[in-house]
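Trainee: Could you take me through one part of this model slowly? I'd like a close look at the place where the ligand sits.

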Amino acid sequence: MTLTPRWRKVVLTLHVITSVGLLGADLVLLTLGAAGMAGFDPAVVYPATGLIGLVLFAPLALVMWVIGVVNAVGTKWGLIRYWWVAVKLVISTAFLLLVLIALRPLLLDALHLGADLPARQRASLLAAPIVSTTLLAFATIVSVFKPWGRRTAAA
Ligand code: HEM
């Protein structure tokens, strides 16, 4: 399946909006995680974290993954033909699984417990976005520089 030039631009635009948008949403979670640890009102910070995480961040992570895959499969880049795409696929897949399996229960607790959220979970809500924003920033750099060449020989 190869996208026509017009569809390729549509899909690429959606891919940049969703992937870099996800990085933006992640930076908001990082800000809230830091605010919670810095002593801002936990009854405000943690429900907001849960809401943004569950309504915006987690669904966007799923949409971003799907559009990223379509973008790769539908163009000359392919899903695993080039190292830079394969590396992004691995990062994004691990990212999505962590968000859906590990982060989602934490976000539900943040939403419902608010000021009663235990200290260990508060620390996790700072640690997780530090790791994930670093991964997404790395994926953005890799996307622009497209390093490491082909993974498989040209057909
Ligand atoms: C499932 C994971 C992903 C796959 C398979 C994937 C695949 C691709 C492909 C094939 C392109 C080139 C499209 C074209 O030129 O038509 C592209 C571009 C791009 N990707 Fe991804 N991507 C993924 C995840 C990400 C992530 C996590 C980010 C950043 C947070 C990202 C940011 C970008 C950007 C900014 C471009 C535009 C680069 C340019 O046009 O020079 N992608 N991606």
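Trainee: Of the 23 residues around the ligand, which come nearest?

Mentor: Keep in mind that this is a predicted model. The residues that come nearest to the ligand are Arg8, His15, Lys88, Ser143 and Lys146, out of 23 around it. Let's go through some of the polar contacts. Arginine 8 puts a polar side-chain atom 2.6 Å from an oxygen atom of the ligand. Tryptophan 77 also faces a ligand oxygen, with a polar side-chain atom 3.1 Å away. With serine 143 the partner is a nitrogen atom of the ligand, and the distance from the polar side-chain atom is 3.4 Å. Helices H1 (5-37), H2 (42-73), H3 (83-113) and H4 (119-145) are the elements that each give two or more residues to this shell. By residue type, the shell holds twelve nonpolar, eight polar and three charged residues. As for the space itself, the ligand takes up the largest pocket.

Now step back to the framework around that site. The protein has four helices and zero strands, so reading from the N terminus you get α-α-α-α, given that helices and strands are numbered in that order. Along the principal axes, the C-alpha atoms fill a box of roughly 60 × 30 × 20 Å.

Two of the helices that line the site deserve a closer look. At the start of H2, aspartate 41 has a side-chain oxygen that reaches to within 3.0 Å of the backbone nitrogen of alanine 43. Further along, H2 bends by about 40 degrees at glycine 53. Even with that bend in H2, its 32 residues reach 44 Å from first C-alpha to last, close to the 46 Å expected at 1.5 Å a residue.

H3 can be checked in the same manner. It has 31 residues, which at 1.5 Å each should span 45 Å, and the end C-alpha atoms are 43 Å apart, so the two values agree. H3 has a kink too, of about 50 degrees at leucine 103, shortly before proline 105. After H3 comes glycine 114, with a positive phi near 55 degrees.

Methods. Residues numbered from 1 in each chain as written. Predicted model: local features only at pLDDT ≥ 70, side-chain atom pairs only at ≥ 80, totals over all residues. Heavy atoms only, no water. Near = heavy atom within 4 Å. Polar contact = N/O pair within 3.5 Å; in protein donor to acceptor, adjacent residues only side chain to side chain. 1 Å grid on protein atoms, 1.4 Å probe; cavity = no way out; pocket = protein on both sides within 12 Å on 5 of 7 lines; lining within 4 Å. Sits in = over half its atoms within 2 Å of the grid points. Nonpolar A, V, L, I, M, F, W, Y, C, P; charged D, E, K, R; others polar. Expected span 1.5 Å × (residues − 1). Bend = angle between axes of the 7 residues up to and from the residue.
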